[in-house]
Every structure is written in C-alpha cells, then in structure tokens.
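Reader: Hello! I'd like a close look at how the helices, sheets and loops are put together here. Could you take me through it at an easy pace?

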Amino acid sequence: MECVFGLVGKGFALVVADTSAVHSILLHKTNEDKIMVLDSHKLMGASGEAGDRAQFTEYIQKNVALYQFRNGIPLTTAAAANFTRGELATALRKNPYSVNILLAGYDKETGPSLYYIDYISTLHKVDKAAFGYGSYFSLSMMDRHYHCDMSLEEAVDLVDKCIIEIRSRLVIAPPNFVIKIVDQDGAREHAWRESIKDAPISAA
Amino acid sequence: MFISLSTMEALWWPWSERIASPSPVTAASAFSFRPSPLISREFTRSTKRSSSALSGLATDAQTLYQRLVFRHKLYQLREERNMKPETFASLVSAILYEKRFGPYFCQPVIAGLGDDNKPFICTMDSIGAKELAKDFVVAGTASESLYGACEAMFKPDMEAEELFETISQALLSSVDRDCLSGWGGHVYVV
C-alpha cells in the first residue's frame with residue numbers, strides 16, 4: 001500500500017513517499033517517483049490509483065504552469081491547493097479521481113505550508129499529514145515527536161523514524177522511499193532511503 | 001473514507017444568540033485534525049447578523065460553504081444590503097433541494113438576528129427541509145445527545161452570560177459521549 005507523508009519545519013516542508021509501482025501482487029519497479037514538482041516552489045505527493053495519480057498530478061502541474069504563463073506570476077501554495085480541490089470536487093460526482101494529495105509549498109510572504117487533500121476533495125491546511133496504511137505508523141510517530149519549527153536535521157530524523165516503523169511493522173512494506181524538500185531555495189529531491197536497488201534504466 | 005463530523009447547536013434568546021460548534025474531528029482510519037482550520041472553513045459569518053454552520057461530510061461542507069459565500073456576496077452587490085437570516089435559510093434550503101437526487105451530505109444550522117433584532121434559528125436535513133424552532137436547534141453526530149442536553153438545560157429569556165454557559169455545558173456534555181466529535185468547542189455570539 002502506498003505510503004505518503006509530510007511535515008512542515010522551520011522554513012521548509014518535507015514530503016516523503018514510497019517508490020514502489022505495484023500491480024495486484026506484482027512489484028513492477030521500486031524507483032517510481034510519486035512526488036511531482038509543480039513549479040519552482042511546490043511539491044505534490046500523491047497516492048492512489050496509479051493511472052489517476054499520474055494523470056491528475058500532471059494535469060495540475062500543467063495548469064499551474066499555464067497560470068504562470070498567462071499572468072506572469074506564480075500561484076501561491078494556497079491558491080494551487082484550492083485549485084486542486086476545486087478540480088477534484090467538480091469531478092467527484094461525475095468521474096471521480098481516486099488520488100490522495102499532499103501539497104507542500106514555500107511562499108515568500110507566508111513561509112512553508114502543507115495542504116492535505118483527500119480523494120473526495122476534503123482540504124485541510126496542516127503541519128503534518130499522512131496517507132495509506134503507513135499513516136497508522138507515521139502519524140503516531142509524528143504525534144509523539146513533532147513540534148513546531150523543527151530544524152532540517154530533526155525533521156529528517158523524524159522521517160527516518162517513521163520509515164523504520166513502516167518497514168518493521170507493515171506487512172507488505174515498501175522497500176524504498178524518496179524524500180523531497182521545498183524551502184526558499186526551491187523544490188528539490190533531498191534524499192532516497194533504499195533497501196533494494198533497481199538496475200538503472202534510461203528515462204521514457 | 002474521510003468524514004468531518006461535527007456537532008452544532010444554536011440556542012435562542014431574546015436579544016442575541018449563540019451558535020456553539022465544537023471543533024470537528026475527522027473520523028475514519030483514526031485521523032484527527034486540529035480544530036481551528038476546520039471550524040473557520042465550516043462556519044460562515046455571512047453577515048454581521050447571521051451565521052451558519054455545516055455539519056456532515058467535510059468535502060460537501062467546504063463546497064457548500066464556498067457556494068453560500070458566493071451567493072451571499074452576489075446578493076449584497078445587487079441589493080446593497082445584508083440578507084436577513086430567514087432569507088438566507090430559504091436560500092440554503094433551495095440550494096440543497098437542487099441536489100435532491102444527488103445531495104450534499106451536510107446538515108446546516110443557521111442563526112441570526114432578523115428585523116428589529118428578532119432572533120432566528122433553524123436547522124435543515126441534507127435535502128433542505130427547514131426546521132424552525134423557538135428554543136434550540138441541533139445537528140451533527142451527537143444530535144440525539146444534544147437534544148437531551150438542551151431540553152434539560154434550556155430556559156427561556158436567559159441573559160448573555162447564562163446562555164453562554166448553558167450552551168457550552170450542553171455541547172461539551174454531549175460531545176464527551178460521542179466518539180466522532182470533540183476536542184472542545186467554539187461559541188459564536190450573534
């Protein structure tokens with residue numbers, strides 16, 4: 001089951017996702033990137049139906065870019081989150097997407113923020129959040145150890161604690177995780193936590 | 001499935017009234033969220049004199065909240081005045097009944113002061129059936145408990161402080177016995 005979780009620290013936000021691509025009982029690959037970089041200062045980690053996940057996050061990414069082209073300025077994180085919620089809400093009673101989203105961003109005026117949007121388009125602005133079976137473990141770990149304004153070292157340490165819990169306690173635990181960070185310097189990959197290494201392949 | 005569940009009540013009183021609304025708890029898969037963001041999202045202060053709160057499915061509460069704010073602002077632009085709470089209640093009822101065969105899973109509670117500061121409270125089911133009351137209205141997952149608590153504690157013609165105490169005690173005692181709501185409450189005075 002897909003594990004995505006995230007938290008807000010002092011001047012940054014982290015999103016962590018597992019990197020397994022699963023089809024029924026088959027593990028296709030262990031380096032699937034589920035955290036899309038929407039623009040220079042936004043990350044969208046998504047979990048759910050694989051096709052919906054890829055299609056919906058790409059759709060949001062292209063619309064965020066379109067707004068920037070049309071208007072000359074980028075969307076704020078809150079605006080992007082509300083746009084995403086709007087798209088999910090409109091589709092909900094027509095042809096719903098089964099995608100859960102954690103949207104993290106950094107704005108110059110308001111600093112880092114994290115938005116939780118579940119598959120029926122419930123939007124919450126949060127400090128920490130998680131989806132999937134892994135959430136049973138990561139939410140409890142974060143409830144215990146999280147505090148406001150964590151430094152990067154503390155936050156990555158907490159993320160590692162969550163990953164250790166997921167690996168040791170979830171029956172079909174994903175082997176690999178990717179950690180992405182967004183701060184004033186932008187959105188980028190921070191680290192991988194791998195226990196299985198796939199053979200490297202050229203990108204599609 | 002995520003459901004934001006909340007419990008609300010509005011007590012009636014000669015000169016002003018209160019909507020008390022506990023911080024909702026998102027149930028299912030044992031997730032909970034901090035109170036304040038959910039409250040501000042579910043609660044519309046549509047005019048200076050009327051407010052509404054929405055219990056039920058969080059996504060529909062958020063969508064309905066946005067639609068109601070839009071309709072009320074449009075009304076203000078056209079009529080250059082605020083909507084009376086009776087009118088607002090009829091608007092909410094109409095919007096809910098529009099979706100009769102695919103409803104919003106929300107139960108609103110509306111409270112406000114109409115003409116001559118006359119207090120007005122009402123609640124609705126998810127397809128807009130209005131229930132007006134003289135004394136109190138309740139909605140949410142702990143509504144049965146709230147009916148009991150309010151019936152026991154309500155007295156007509158209470159003053160502001162007493163009403164505040166009454167509504168808070170009724171709310172807290174009801175949600176303390178409901179696993180799906182809690183983490184405190186907000187009392188709004190109109």
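Author: In this predicted model, 54% of the 190 residues of chain B are buried. The chain holds five helices and ten strands. Among its contacts between residues with a separation of 6 or more, 64% join residues that are 24 or more positions apart.

A good place to start in chain B is helix α2(B), which covers residues 58-79 and so counts 22 residues by the usual run of helical assignments. From its first C-alpha to its last it reaches 31 Å, close to the 32 Å expected at 1.5 Å a residue. Which of its residues are buried? There is a run from Ala58(B) through Thr59(B), Asp60(B), Ala61(B), Gln62(B) and Thr63(B) to Leu64(B), and then come Leu68(B), His72(B) and Tyr75(B). After the helix comes Glu80(B), and its phi is positive, near 55°.

Positive phi values are worth a pause, because most residues other than glycine have a negative phi. Asp116(B) is another case, with a positive phi of about 55° although it is not a glycine. You will find Asp116(B) in the loop between β6 (106-113) and β7 (119-124) of chain B. At 79% relative accessibility, Asp116(B) is exposed. Chain A offers Asp149(A), also not a glycine, with a positive phi of about 55°. Asp149(A) sits in the loop between α3 and α4 of chain A, and with a relative accessible area of 48% this residue is partly exposed.

That loop brings us to the two helices on either side. Two packed helices are described by the angle between their axes and the distance between the axes. For α3(A), residues 135-145, and α4(A), residues 152-169, the angle is about 145° and the axes are 9 Å apart. The crossing of α3(A) past α4(A) is right-handed. On the α3(A) side, the contact is made by Phe137(A), Ser138(A), Met141(A), Met142(A) and His145(A). Facing them from α4(A) are Leu158(A), Lys161(A), Cys162(A), Glu165(A), Ile166(A) and Arg169(A). Sorted by character, the residues of this contact are six nonpolar, two polar and three charged.

Now to the sheet of chain A. Strands of a sheet pair through backbone hydrogen bonds, either parallel or antiparallel. Here five strands form an open sheet in the order β5-β6-β7-β8-β9, and the pairing is antiparallel. At its edges are β5 (35-39) and β9 (123-126) of chain A, each of which pairs on one side only. From one strand to the next, the twist averages 25°. Strand β8(A), residues 111-117, is joined to β9(A) by four bridges, with the two running antiparallel. Within that pairing, Tyr116(A) stands opposite His124(A) of β9(A). Helix α2(A), residues 77-92, lies across β6 (42-48), β7 (99-107), β8 and β9 of chain A, and runs at about 160° to β7(A).

Last comes a hairpin of chain A, where two residues lead from β11(A) to β12(A). These strands, residues 177-183 and residues 186-193, run antiparallel and are joined by seven bridges. In this pair, Ile181(A) stands opposite Arg188(A) of β12(A).

How values were computed: Residues numbered from 1 in each chain as written. Chains lettered and ligands numbered in written order. Predicted model: local features only at pLDDT ≥ 70, side-chain atom pairs only at ≥ 80, totals over all residues. Heavy atoms only, no water. Expected span 1.5 Å × (residues − 1). Buried < 20%, exposed > 50% of the residue type's maximum accessible area, 1.4 Å probe, protein only. Axes fitted to C-alpha atoms, helices over the stretch in contact; angles between N-to-C directions. Left-handed = near helix turned anticlockwise from the far one by under 90°. Contact = heavy atoms within 4.5 Å. Nonpolar A, V, L, I, M, F, W, Y, C, P; charged D, E, K, R; others polar. Pairing = 2+ DSSP bridges.
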